[in-house]
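User: I have a model open and would like to learn how to read its features one by one. Could you walk me through it?

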Amino acid sequence: DMVALVSRYVSLVKAGSGYKGRCPFHKDDTPSFVVSPEKGLWHCFGCGEGGDVVGFLMKIERLTFVEAAKRLAEEAGVDFASSDDGEREAMRRMVAAVAESFAENLANAREGRKARAYFESRGFDEAAWKRFGLGYAMPGWDHVKRAFGGRYGIDKLVLLGLLVEGEKGTYDRFRDRTIFPIYDLSGQPIAFGGRAFGDEQPKYLNSPTTPLFDKGR
């Protein structure tokens, strides 16, 4: 439903057979954004933008056509498959496996004691760790590499930002840091943020752009 979708982002009021609101795509001092539920279309008389339900989601969330269509299909309970679904799903499973490993380090590893103490000192108990998937990246240069390189391949781990290519070979991007998974809108981990304990630089480290993660989105 066009009105239901747009209402997630724009405050709409009834206006005749349609709805009006302030355009989310430009500075709109007077409501010039119109939605027609009968036609399934939207149009802004201020900036000239307009389109259908897929076009709106593409623009507001910065998605490709396939990404927007797939998300709407999932909400409507419609099966949707694209040519790269299998490869992307495999990459999602890789990131999810690493996220589980970070969470296990936090909950049970001896090295994770200071991470547990840090989170508890900030008011985040074990229930919060589980709710948000918080974790800990082990010290050393190759924990993720050794644990997952043989299973998934070094090149894939580099592609997903989990390993870094250095002059002397590959090594773990996240080392001795508290870990905060970054989730997509479907609730799947696609990247990570890590906070250092001491004076390490940078204090906050995020995954780079990958096939799954675009920080601009």
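User: Let's begin with S121: is S121 buried or exposed?

Analyst: Happy to start there, and do keep in mind that this is a predicted model. The general idea is to take the relative accessible area and see which class it falls in: under 20% is buried and over 50% is exposed. S121 has 56% relative accessibility, so it counts as exposed. As for its place, S121 belongs to helix α5, which covers residues 113–121.

User: Which backbone atom lies 2.6 Å from a polar atom of the S121 side chain?

Analyst: For a polar contact, look for N or O atoms within 3.5 Å of each other. Here the partner is the backbone oxygen of Y118, at 2.6 Å from a polar atom of the S121 side chain. You can also check distances along the chain against distances in space: S121 and S186 are 65 residues apart along the chain, and 30 Å separates their C-alpha atoms.

User: Now the sheet. What is the order of its 5 strands?

Analyst: To read a sheet, list its strands in the order in which they pair, then look at the direction of each pairing. This open sheet runs β1-β2-β3-β4-β5, with antiparallel pairing. The edges are held by β1 (13–15) and β5 (50–51); each has a single partner strand, so one side of each lacks a neighbour in the sheet.

User: How many bridges join β3 to β4?

Analyst: There are 4 bridges between β3 (residues 33–36) and β4 (residues 41–44), and the two strands run antiparallel. If you want a position to look at, find F33, which stands opposite C44 of β4.

User: And how many residues lie between β7 and β8 in their hairpin?

Analyst: The β7–β8 hairpin has 2 residues between its strands. Strand β7 (residues 163–166) is joined to β8 by 4 bridges, again in an antiparallel arrangement. Among the partners, L163 is bridged to D172 in β8.

User: Next, a helix. Which residues of α7 are buried?

Analyst: With a helix, find the buried residues and then ask how they are spread around the axis. In α7 (residues 143–152) the buried ones are V144, F148 and G149. Their arc around the axis is only 125 degrees, which puts them on the same side of α7. Turn the helix over, and the face away from that buried side carries the exposed residues R146, G150 and R151. After α7 comes G153, with a positive phi near 100 degrees.

User: Which residues other than glycine have a positive phi?

Analyst: Two cases to look at are R62, with a phi of about 60 degrees, and D176, with a phi near 50 degrees. R62 sits in the loop between α2 (53–61) and α3 (65–76), while D176 sits in the loop between β8 (169–172) and β9 (177–183). For exposure, R62 has a relative accessible area of 57% and is exposed, whereas D176, at 15%, counts as buried.

User: Last one: which residues make the nonpolar surface patch of about 260 Å²?

Analyst: For a patch, look for nonpolar side chains that are accessible and lie close enough to be joined, here within 5 Å. F65, V66 and F80 make this one. V66, for instance, is in helix α3 and is partly exposed, with a relative accessible area of 36%.

Terms used
Residues are numbered from 1 along each chain as its sequence is written. This is a predicted model: local features need pLDDT of at least 70, side-chain atom pairs count only at pLDDT 80 or more; totals for chains, interfaces and linings use all residues. Side-chain values use heavy atoms; hydrogens and water are left out. Two strands pair if DSSP finds at least two bridges between them. Buried means under 20% relative accessible area, exposed over 50%, partly exposed in between (1.4 Å probe, protein chains only). Patches are made of residues with over 30% relative accessible area and no salt bridge: like charges are joined within 9 Å, nonpolar side chains (Val, Leu, Ile, Met, Phe, Trp, Tyr) within 5 Å. Accessible areas come from the Shrake-Rupley method with a 1.4 Å probe; for residues, only the protein chains shown count as cover. A salt bridge is a side-chain nitrogen of Lys or Arg within 4 Å of a carboxyl oxygen of Asp or Glu. A polar contact is a pair of N or O atoms within 3.5 Å; within protein, one must be able to donate a hydrogen and the other to accept it, and residues adjacent in sequence count only if both atoms are side-chain atoms. The arc is that of the directions from the helix axis to the C-beta atoms.
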